[in-house]
Amino acid sequence: MNNFLNLFIGEVQRMKKYHILSASVFVSFFWIGMVHLLNVPDITFLFLMVVFFDLVSMSILMVGVTIFFEKQEGVLKSLIVSPISKTEFLTAKTLGNLVSNIVTITIVYIYAIIFQDININLLAFIGAFFLVGLFHTFVGMLLIYKSRDFTELLVKMMTYFLLFMIPVVFEQFGLITSRLYSNVLYIIPTKSAATLLEAVAGNVDLWEILISVFYLSIGSIILGYFVFKKFKDFAIRESGV
């Protein structure tokens, strides 16, 4: 437990050192500026779309950036010969990665409740936040396992965004209204992510919520299994041991 707490604190300190937390604050003000300029009477939908963009894209990007910097500093090589277990290391890294999302979304939420009208179930929102964030943090880890350098990682991220995020965004903004298209989207995880977030505003049928929770829960378990199983091979490869 002490190892885990020390590792978690270390993760947050490294995120501060790598300016990831600063980037999270900058991104939050970018979102606030965009939402403010749109000037809509109820920003609930826009707020949930901001959360969707942030959790899907930034969860993947930030964990990739963190591990990339650690690789350059030889952290992975040190880990191999240290008494720290990979379970403690990866759990601390997973939760630490969500801190950047928490910073961004908390700032935007504070702006929303002070200056705008927003109506969400906060407890349901917290549950959806952690499930969507956990799933995409694992996606980010697996992408960096399969990448030889940072450029290749960015290409894989952009491919994920184009294939899995943009189609859902089209549907969420009403650019494509076909029911068949909407149902087909359930084969990709970002549809479940968007549905869960939309549900915290009370606009989703129960069966859609259940499918989304099931998809992301089972998906997180499967992805987490491969993240933990493949980590040692990744650390050895990147350390040149």
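**Figure 1. Helix H3 and the residue that follows it.** Gly74 comes directly after H3 and has a positive phi, near 80 degrees, in what is a predicted model. Helix H3 itself takes in residues 44-73, 30 residues in total, and its first and last C-alpha atoms lie 42 Å apart, which is close to the 44 Å expected at 1.5 Å a residue. The helix carries a kink of about 35 degrees, and the centre of that kink is Met58. H3 is also mostly covered, with 24 of its 30 residues counted as buried.

**Figure 2. The whole protein, as context for the close-up views.** The protein contains 10 helices and 0 strands, so that its elements, read from the N terminus, run α-α-α-α-α-α-α-α-α-α. Its radius of gyration is 18 Å, close to the 18 Å that the globule rule gives for 241 residues, and the protein is therefore as compact as a globular protein of that length. Taken along the principal axes, the box filled by the C-alpha atoms is roughly 55 × 40 × 35 Å. Of the 241 residues, 49% count as buried.

**Figure 3. The largest pocket and the helices around it.** The largest pocket holds about 220 Å³ of space. Its lining is made up of 14 residues, and those closest to the pocket centre are Glu171, Arg179, Ser182, Lys191 and Glu198. Two or more lining residues come from each of helix H7 (150-172), helix H8 (179-184) and helix H9 (189-199), and among the contributors H9 gives the most, with 3 residues. By class, the lining of this pocket comprises 2 nonpolar, 7 polar and 5 charged residues.

**Figure 4. Arg179, a residue close to the centre of the largest pocket.** Arg179 belongs to helix H8, and it is one of the residues closest to the centre of the largest pocket. Its relative accessibility is 48%, and since partly exposed residues fall between the 20% and 50% limits, Arg179 counts as partly exposed. Thr195 lies 16 residues from Arg179 in sequence, and the C-alpha atoms of Arg179 and Thr195 are 14 Å apart in space.

**Figure 5. Ala194 in helix H9.** Ala194 is placed in helix H9, the helix that gives the most residues to the lining of the largest pocket. With a relative accessible area of 4%, Ala194 is buried, because the limit for that class is under 20%. Between Ala194 and Leu48, which are 146 residues apart along the chain, the C-alpha separation is 8.3 Å.

**Figure 6. The second largest pocket, with its lining from H5 and H6.** About 190 Å³ of space lies in the second largest pocket. The residues that line this pocket are Ile102, Ile105, Thr106, Tyr109, Ile110, Leu122, Phe125, Ile126, Phe129 and Phe130, and at least two of them are supplied by each of helix H5 (86-115) and helix H6 (122-145). In class, the lining divides into 9 nonpolar residues, 1 polar residue and no charged residue.

**Figure 7. Asn119 in the loop between H5 and H6.** Asn119 sits in the loop that lies between H5 and H6, the two helices that each supply at least two residues to the lining of the second largest pocket. Its relative accessible area is 53%, so Asn119 is exposed, given that this class begins over 50%. The C-alpha atoms of Asn119 and Phe47 are separated by 10.0 Å, while the two residues are 72 residues apart along the chain.

**Figure 8. The single cavity and its lining.** The count of cavities of 30 Å³ or more comes to 1, and the space in the largest cavity is about 40 Å³. Ile67, Glu70, Leu76, Phe89, Leu90, Lys93, Tyr145, Phe231 and Phe234 form the lining of this cavity. The elements that give two or more residues to the lining are H3, H5 and helix H10 (206-239), and the largest share, 3 residues, comes from H5. The lining has 7 nonpolar residues, no polar residue and 2 charged residues.

Technical notes: Residues are numbered from 1 along each chain as its sequence is written. This is a predicted model: local features need pLDDT of at least 70, side-chain atom pairs count only at pLDDT 80 or more; totals for chains, interfaces and linings use all residues. Side-chain values use heavy atoms; hydrogens and water are left out. Helices (H or I, at least four residues) and strands (E, at least two) are DSSP runs, numbered from the N terminus. The expected span of a helix is 1.5 Å times one less than its number of residues. The bend at a residue is the angle between axes fitted to the seven residues ending there and the seven starting there. Buried means under 20% relative accessible area, exposed over 50%, partly exposed in between (1.4 Å probe, protein chains only). On a 1 Å grid over the protein atoms alone, a cavity is a set of points where a 1.4 Å probe fits but cannot get out, and a pocket is an open set with protein on both sides within 12 Å along at least five of seven lines; lining residues have an atom within 4 Å of a point. Grid points are joined across faces, edges and corners, and a volume is the space filled by probe spheres set on the points. Ala, Val, Leu, Ile, Met, Phe, Trp, Tyr, Cys and Pro count as nonpolar, Asp, Glu, Lys and Arg as charged, and the others, Gly among them, as polar. The radius of gyration is taken over C-alpha atoms; the globule rule is 2.2 Å times the number of residues to the power 0.38.
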